[in-house]
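Trainee: I have a chain open on my screen. Can we go through the terms people use for it, and what backs each one?

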Amino acid sequence: MAARMTVRQRRTTDAISDVVGRAAWVYLAAGILSVLFGAVVLSLVLDWVGLFTVALFVGIFLIAWGLFHVLGALLDRPAHWMWHLIGGAFSVAAGVLAIAWPDVTLFILAVIIGWSLIVWGILDLLSAFASYSLRHWWLYLIRGIASIALGFLALGREHVTLYFVVTLFGAVVILWGLGDILIAFMLHGAKAKWEREERAVRRPSANAGTRPAASGTTATRRTPVRKPAKKAPARATKR
């Protein structure tokens, strides 16, 4: 027999579906903006770009990305969502620091980018192990490992050049944007799967009041009932 859903279970599943749908749109918007922003950064002509412009770009991205990270954590509420919230706040603080730092240098920008990548990579690894049951959980794993590797690469550079910082920053932004787009499709697929399962559970409960026709029987024609013939009145006999 199919299990029936209570009213409370239906409200819970509807709420989860709505939250996941909103989170998918947030991740999709963040991913598209990241890819476009990274393409703009990589297309910059370094002869026309100064250190302040690079610091401004880094700060704007870190602030925007931190806000999207916080919004996604509050809407999606994934496992370890508090760590995602802390990571988003750290990103916003790093962005403000990159813009407001007096006499910022390329080394300081590389350090800010490096530590931000390491923090985001750790969060992605936590998300990968937390979402192991999902279909595309390995996306978090790959992006986490790549982010940590790029973060240590940025911290391990002794002589930092403007070309290195711009190239690293643009590549990281595009990588992160593509990962968010894939995560958005993953959340959308999970939402569609939940809705299909919910409809499959609701359908038997909705048809519970109807009785199916007995198998192996065929419909029979209704034959009209013949009314009994009226008796003719008895004739009087002559004596």
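Trainee: Among contacts in the chain between residues at least 6 apart in sequence, what share joins residues at least 24 apart?

Mentor: The share is 81%. Keep in mind that this is a predicted model.

Trainee: How many helices and strands are there in the chain?

Mentor: Six helices and zero strands. Read from the N terminus, the order is α-α-α-α-α-α.

Trainee: What percentage of the residues is buried?

Mentor: Of the 239 residues in the chain, 34% are buried. The accessible surface comes to about 15,800 Å². Carbon and sulfur atoms hold 66% of that surface.

Trainee: Take helix H3, residues 81-100. How do you know that its span agrees with its number of residues?

Mentor: Set one value against the other. H3 has 20 residues, and at 1.5 Å a residue they should span 28 Å. The end C-alpha atoms are 29 Å apart, so the span agrees.

Trainee: Which residues of H3 are buried?

Mentor: His84, Gly87, Gly88, Ser91, Ala94, Gly95 and Ala98.

Trainee: What makes you say that the buried residues of H3 line one face of the helix?

Mentor: Look down the axis of H3. The buried residues fall within an arc of 125°, so they line one face.

Trainee: Now the nonpolar core. Which residues have the most contacts inside the largest one?

Mentor: Val54 and Phe169, in a core of 32 residues. Helices H1 (7-42), H2 (51-76), H3, H4 (106-130) and H6 (162-206) each supply at least two of its residues. H6 gives the largest share, nine residues.

Trainee: What does Phe169 touch, not counting residues up to four places away in sequence?

Mentor: Phe37, Val41, Phe57, Val58, Phe61 and Ile113. Apart from that core lies another, of nine residues. Ala23, Tyr140, Ala184 and Leu187 are among them.

Trainee: Why is Ser147 called buried?

Mentor: Buried means under 20% relative accessible area. Ser147 has 1% relative accessibility, so it counts as buried. Ser147 sits in helix H5, residues 138-155. Leaving aside neighbours within four places in sequence, Ser147 contacts Leu117, Ile118, Gly121 and Trp176.

Trainee: Why is the pair Asp124 and Arg143 called a salt bridge?

Mentor: The cut-off is 4 Å between a side-chain nitrogen of Lys or Arg and a carboxyl oxygen of Asp or Glu. In this pair the closest N and O atoms are 2.7 Å apart, so the rule is met. The pair links distant parts of the chain: Asp124 is in H4 and Arg143 in H5, 19 residues apart.

Trainee: How many salt bridges does the rule give?

Mentor: Two. Arg143 also forms one with Asp180, where the closest N and O atoms are 2.9 Å apart. This pair, too, links distant parts of the chain: Arg143 in H5 and Asp180 in H6, 37 residues apart.

Trainee: What makes Arg143 and Asp180 buried?

Mentor: Use the 20% cut-off again. Arg143 has a relative accessible area of 5%, so it is buried. Asp180 has 1%, so it is buried as well. Asp124 is also buried.

Trainee: Which residues are linked in a network of salt bridges?

Mentor: Asp124, Arg143 and Asp180. Arg143 forms a salt bridge with Asp124, and Arg143 forms another with Asp180.

Key: Residues are numbered from 1 along each chain as its sequence is written. This is a predicted model: local features need pLDDT of at least 70, side-chain atom pairs count only at pLDDT 80 or more; totals for chains, interfaces and linings use all residues. Side-chain values use heavy atoms; hydrogens and water are left out. Helices (H or I, at least four residues) and strands (E, at least two) are DSSP runs, numbered from the N terminus. The expected span of a helix is 1.5 Å times one less than its number of residues. Buried means under 20% relative accessible area, exposed over 50%, partly exposed in between (1.4 Å probe, protein chains only). The arc is that of the directions from the helix axis to the C-beta atoms. Contact means heavy atoms within 4.5 Å. Accessible areas come from the Shrake-Rupley method with a 1.4 Å probe; for residues, only the protein chains shown count as cover. A nonpolar core is a set of buried Ala, Val, Leu, Ile, Met, Phe, Trp, Tyr and Cys residues joined through side-chain atoms within 4.5 Å.
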